[in-house]
Amino acid sequence: MAELVDRWPGAVGPTIARFAWPARIARDGTVHVATADAVWAFELGQRASEIAGRLGCDRLRFTPGPLPEPAAKPTIDVVAPSDGESLLARELTASMTHETLRESVQKALSYALARGRSDPSF
C-alpha cells in the first residue's frame with residue numbers, strides 16, 4: 001500500500017490527488033479509492049482502466065469517502081524592516097517615476113532586505 005500511495009500523485013496528477021486518494025487494497029487486488037464526492041467517484045470510474053494502467057494494478061474502485069488532511073503549509077515569519085533597510089529601499093527606488101509602483105517596489109524591497117538579515121540562506 002505504501003508504494004501505491006507514493007506513486008498515486010504522479011500517476012493521477014495533483015488535481016485528482018487532491019480529491020481522490022487510495023484507501024485500501026482488497027484481497028482480490030482491487031484498489032479502493034476514496035473520493036471527495038460521488039461526482040469525483042463517477043468521473044474517475046470512467047477513467048479507471050487508464051489510471052490502473054499508470055499505477056500498474058488490475059482494478060480500481062472509486063467511492064466517496066474520507067480523504068487525508070492536506071499537509072499544513074509552512075508558515076513564514078515576517079520580519080519588519082529596520083529604519084536603515086527602509087531608507088535603503090527608498091534610495092534604490094527614488095528614480096522610479098510611477099508613484100504607486102515605486103511605493104509597492106519600495107515596500108517589497110524593504111521586506112526583502114529585512115528577510116535577508118534574518119535568514120542568511122535567503
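## Helix packing and salt bridges in a predicted model

Helices α1 and α4 pack with their axes 9 Å apart, at an angle of about 125°. Bear in mind that this is a predicted model. That angle makes α1 and α4 oblique to each other, because it falls neither in the 65 to 115 degree range that counts as roughly perpendicular nor over 145, where roughly antiparallel begins. As for handedness, the crossing of α1 and α4 is right-handed. On the α1 side, the contact is made by Leu4, Arg7, Trp8, Ala11 and Val12, and on the α4 side by Ile51, Arg54 and Leu55. Sorted by type, the residues in this contact of α1 with α4 come out as 6 nonpolar and 2 charged, with no polar ones.

Arg7 and Arg54 are both in that contact list, and each turns up again once we look at charge pairs. Side chains of opposite charge can pair when their charged atoms come close. The model has 4 salt bridges by the rule used here. Among them are these:

| Pair | Closest N to O distance |
|---|---|
| Glu3 and Arg7 | 2.6 Å |
| Arg47 and Glu50 | 3.1 Å |
| Arg59 and Asp28 | 3.7 Å |

Let's start with the pair in α1. Glu3 and Arg7 sit 4 residues apart in this helix, which spans residues 2–12, so about one helical turn separates them. How exposed are the two partners? Glu3 has 56% relative accessibility and counts as exposed, while Arg7, at 32%, is partly exposed. So Arg7 has two roles to keep in mind: Arg7 is one of the α1 residues in the contact with α4, and Arg7 pairs with Glu3 through a salt bridge.

The bridge between Arg59 and Asp28 is a loop-to-loop affair. Arg59 belongs to the loop between α4 (48–55) and β3 (60–64), and Asp28 to the loop between β1 (20–25) and β2 (31–35), so this pair ties together parts that are 31 residues apart in sequence. Both ends are partly exposed: Arg59 has a relative accessible area of 42%, and Asp28 comes in at 49%.

Then there is a network: salt bridges link Arg47, Glu50 and Arg54. Within this group, Arg47 and Glu50 bring their closest N and O atoms to 3.1 Å. Arg47 is partly exposed, with 31% relative accessibility, and Glu50 gets the partly exposed label too, at 36%. Arg54 connects this network to the helix packing described above, as Arg54 is one of the α4 residues in the contact with α1.

Now for two residues away from these pairs. Gly45 is part of helix α3, residues 38–46, and is partly exposed at 35% relative accessibility. Gln106 is in helix α6, which runs over residues 99–118. Is Gln106 buried or exposed? At 19% relative accessibility, Gln106 counts as buried, because the cut-off for that label is under 20%. Which residues does Gln106 touch, leaving aside those up to four places away in sequence? The neighbours are Ser86, Ala89, Arg90 and Thr93. As for the spacing of Gly45 and Gln106, they are 61 residues apart along the chain, and their C-alpha atoms are separated by 52 Å.

Note on methods: Residues numbered from 1 in each chain as written. Predicted model: local features only at pLDDT ≥ 70, side-chain atom pairs only at ≥ 80, totals over all residues. Heavy atoms only, no water. Buried < 20%, exposed > 50% of the residue type's maximum accessible area, 1.4 Å probe, protein only. Salt bridge = Lys/Arg side-chain N within 4 Å of Asp/Glu carboxyl O. Axes fitted to C-alpha atoms, helices over the stretch in contact; angles between N-to-C directions. Parallel < 35°, antiparallel > 145°, perpendicular 65-115°, else oblique. Left-handed = near helix turned anticlockwise from the far one by under 90°. Contact = heavy atoms within 4.5 Å. Nonpolar A, V, L, I, M, F, W, Y, C, P; charged D, E, K, R; others polar.
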